[in-house]
Structures are given as C-alpha cells and as structure tokens.
Amino acid sequence: NANPLAAFFRAPGLHVKLPTGGAFLPENEFDPTLAHDLPVYPMRAADELLLKSPDALMSGHAIIGLIKSCVPGIRDPKKISTPDLDVLLLAIRAATFGDTMELEVECPECEQENSFTCSLGAIMSTVTSVPHENPVRMTDDVVVYVRPYTLEIATRVALATFEEARKIQGAEDLPSEERTKIVNECYDNLNRLNMRALASSIVKVVVPGSVVSNPNHIAEFIGNTDRNWIEKIEDRLKAVNAMGIDKTVAAQCAACEHEWKAAIEFNPSTFFAKSS
C-alpha cells in the first residue's frame, strides 16, 4: 500500500557535479542523473544524531552514513575521493540549513576573534575538475599514475595517527628506554600505514613493455623504491588531494582591518551545527 505521507518526504535540496566526475568510482556504485550530477538531500534527524557521536565520527561511520542518506547516488561512500567529499559536505550543509554559514576565525595579525558569514554557493562555484589521469614521471622509462585518497584511506590514516599519538602521550611517564621503544614502534606503524595508503592511491605504473596495475606488485614497488621517488609521488598526491574546491574565504579583521584568506574547517562535529 502506498504511504499517504510519501508526498511529504524530503526532496533534493540541490544538485552538484563531482570534481572527479566519478572517474575513480566503480561504475555500478555511481548513479548520476542524465546531466551527470547528483541530487543532494537535506539531513534527517537521525543523521544529525549520528554526527554527535564521537566514536561514529572517529571511525568514519558517521560520514559514511551521512553520504548514504543524503547522496544516494553514491552507493559505497567509502570509495568516494576526498576532493568529491569536500563538495558533498558543503552541498549537504547547504541543502539542510541554507546557503549562508557563520564562521568564527582568529585574525593572524592581532589574534582578534572575528565572526562573519559566507556563501556556500559561492564556495561551491570555485569547483574545478580533477584530472582523470595524474602522471608522475620518475624517469624517461617509468611513469606512476596516482588518484586522490578515498574516504576509507583518509579515515584509516587519521584514526591510526590519533591512536599512535595517544600511545606516545601515554608513554610520557615511562622510563626513558621503554618510552623510546614505544615511540619508535609508533612511528614505524605510521610509516607502514602511510606507505600502504600511498600504494593504494597508485592506479598503475608504466614501464617499458608493461603497464603494472597489480596492487601487490605496486605495494612491493613502493616498499623497495628510492626515497626521492617516494617524495616525488607524495608531492603529486598531496597536490591531487587538494584539488576540487577552494576551501578558503576572504576575511577582514574588524579590529585591525587585516585581510587574509581564512580556511574553512571541515570538522564534521562542528561543520553541521546549525549555528555554525
């Protein structure tokens, strides 16, 4: 039987195009409209409650649930690229609370707290396309192709960094030798995780006579290559992850009139607060 309340269900608040165009999503997990954009729905009360759970935020469960609820065209949010995620979070915020958002920022010149509003639509208008191929030429014979981090990889790195930092902090009162051992183990763990994240973000490596896309071969390559090559890949990956949208707004201090570009904090625990 049809639900007589169906006419009052939430409707899409706006439509957005992804900076990557969905290029890095499996085809069966990306369902755009004929205009190749995605309908974005306002948050439900259940979504807002989930965003208030520290454990759900830390594990990434809250953001995954939010994307599933508000952007059903993304079937597996864990695989969404981080430049796309920034745009979707802005769109969900705008669909739920409207175009304006209040920001609280400290002046870098005089340290005065400033409050002003910005337009989410204006920020989303800065979206630029992320190239579908991002080559890093190592030599004339070796070219590495990278892609942006996925939400899953970014969450794993952030969670592991938090956990290892907590271990280091907890070891502060231990004897020097024991503390040094724990600190070294934590840094080794982070280094291994970062190398796995780096390998996971390599699409392929082109060498004479072969195109290597086997994840195991790529991971072995990353674990055994020159540090200069790793830095070169990391630099390109950092640039690719920062693409998609300008996450700064023009600000002027009310006290000293200093002008600067204020960064928008995408902290989900505060970003979706109605008063923010």
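# Notebook: salt bridges, helix pairs and odd phi angles

**Entry 1, Asp-76 and its partners.** I started at Asp-76, which makes a salt bridge to Lys-79, with the closest N and O atoms 2.8 Å apart. A reminder to myself that this is a predicted model. I then asked how accessible the two partners are. Asp-76 has a relative accessibility of 13%, so it counts as buried. Lys-79 comes out at 30%, so I put it down as partly exposed. The pair does not stand alone, as Asp-76, Lys-78 and Lys-79 are linked in a network of salt bridges. General note for the margin: side chains of opposite charge can pair when their charged atoms come close.

**Entry 2, Thr-150.** The two lysines of that network turned up again when I looked at Thr-150. I found Thr-150 in the loop between strand S6 (143-146) and H6. Is Thr-150 buried or exposed? Its relative accessible area is 11%, and the cut-off for buried is under 20%, so Thr-150 is buried. What does Thr-150 touch, once neighbours within four places in sequence are set aside? I get Lys-78, Lys-79, Ile-80, Ser-81 and Thr-82.

**Entry 3, a salt bridge in H6.** Moving into H6 itself, I looked up Glu-152, which forms a salt bridge with Arg-156. Their closest N and O atoms are 3.1 Å apart. Both sit in helix H6, four residues apart, so about one helical turn separates them. Glu-152 is partly exposed, at 29% relative accessible area. Arg-156 is exposed, at 52%.

**Entry 4, H6 against H7.** Arg-156 came up again in the packing of H6 (residues 151-170) on H7 (residues 176-200), whose axes come within 9 Å of each other. How do these two helices run relative to each other? I read a crossing angle of roughly 175°. That angle is over 145 degrees, so H6 and H7 are roughly antiparallel. On the H6 side I listed Ile-153, Arg-156, Val-157, Ala-160, Thr-161, Glu-164, Lys-167 and Ile-168. Among the H7 residues they meet are Arg-179, Ile-182, Val-183, Cys-186, Tyr-187, Leu-190, Leu-193 and Ala-197. By class, I have eleven nonpolar, four polar and four charged residues in this contact. So Arg-156 has two jobs in my notes: salt-bridge partner of Glu-152, and one of the H6 residues that meet H7.

**Entry 5, H7 against H8.** I followed H7 on to helix H8 (residues 215-223), and here too the axes come within 9 Å. The crossing is at roughly 130°, which makes H7 oblique to H8. I noted its hand as right-handed. Which residues make the contact? From H7 I have Met-195, Leu-198 and Ala-199, and they meet Ile-218, Ala-219 and Ile-222 in H8. The class split is six nonpolar, no polar and no charged.

**Entry 6, one more bridge.** How many salt bridges does the structure hold? The tally is ten. Another of them that I looked up joins Glu-234 to Arg-227, with the closest N and O atoms 3.2 Å apart. I have Glu-234 as partly exposed at 28%. Arg-227 is partly exposed too, at 42% relative accessibility.

**Entry 7, positive phi.** Most residues other than glycine have a negative phi, and I went looking for exceptions. His-36 is one, with a positive phi of about 60°. I placed His-36 in the loop between strand S1 (14-16) and strand S2 (38-40). Its relative accessible area is 42%, so His-36 is partly exposed. Glu-111 also has a positive phi, about 65°, although it is not a glycine. Where is Glu-111? It lies in the loop between strand S3 (100-106) and strand S4 (113-119). With 59% relative accessible area, Glu-111 is exposed.

**Entry 8, a distance check.** To finish, I took Ser-59, which lies in helix H2 (residues 54-59). Ser-59 counts as partly exposed, at 39% relative accessibility. I checked it against Glu-220, which is 161 residues away in sequence. In space the two are 28 Å apart, C-alpha to C-alpha.

Conventions
Residues numbered from 1 in each chain as written. Predicted model: local features only at pLDDT ≥ 70, side-chain atom pairs only at ≥ 80, totals over all residues. Heavy atoms only, no water. Axes fitted to C-alpha atoms, helices over the stretch in contact; angles between N-to-C directions. Parallel < 35°, antiparallel > 145°, perpendicular 65-115°, else oblique. Contact = heavy atoms within 4.5 Å. Nonpolar A, V, L, I, M, F, W, Y, C, P; charged D, E, K, R; others polar. Buried < 20%, exposed > 50% of the residue type's maximum accessible area, 1.4 Å probe, protein only. Left-handed = near helix turned anticlockwise from the far one by under 90°. Salt bridge = Lys/Arg side-chain N within 4 Å of Asp/Glu carboxyl O.
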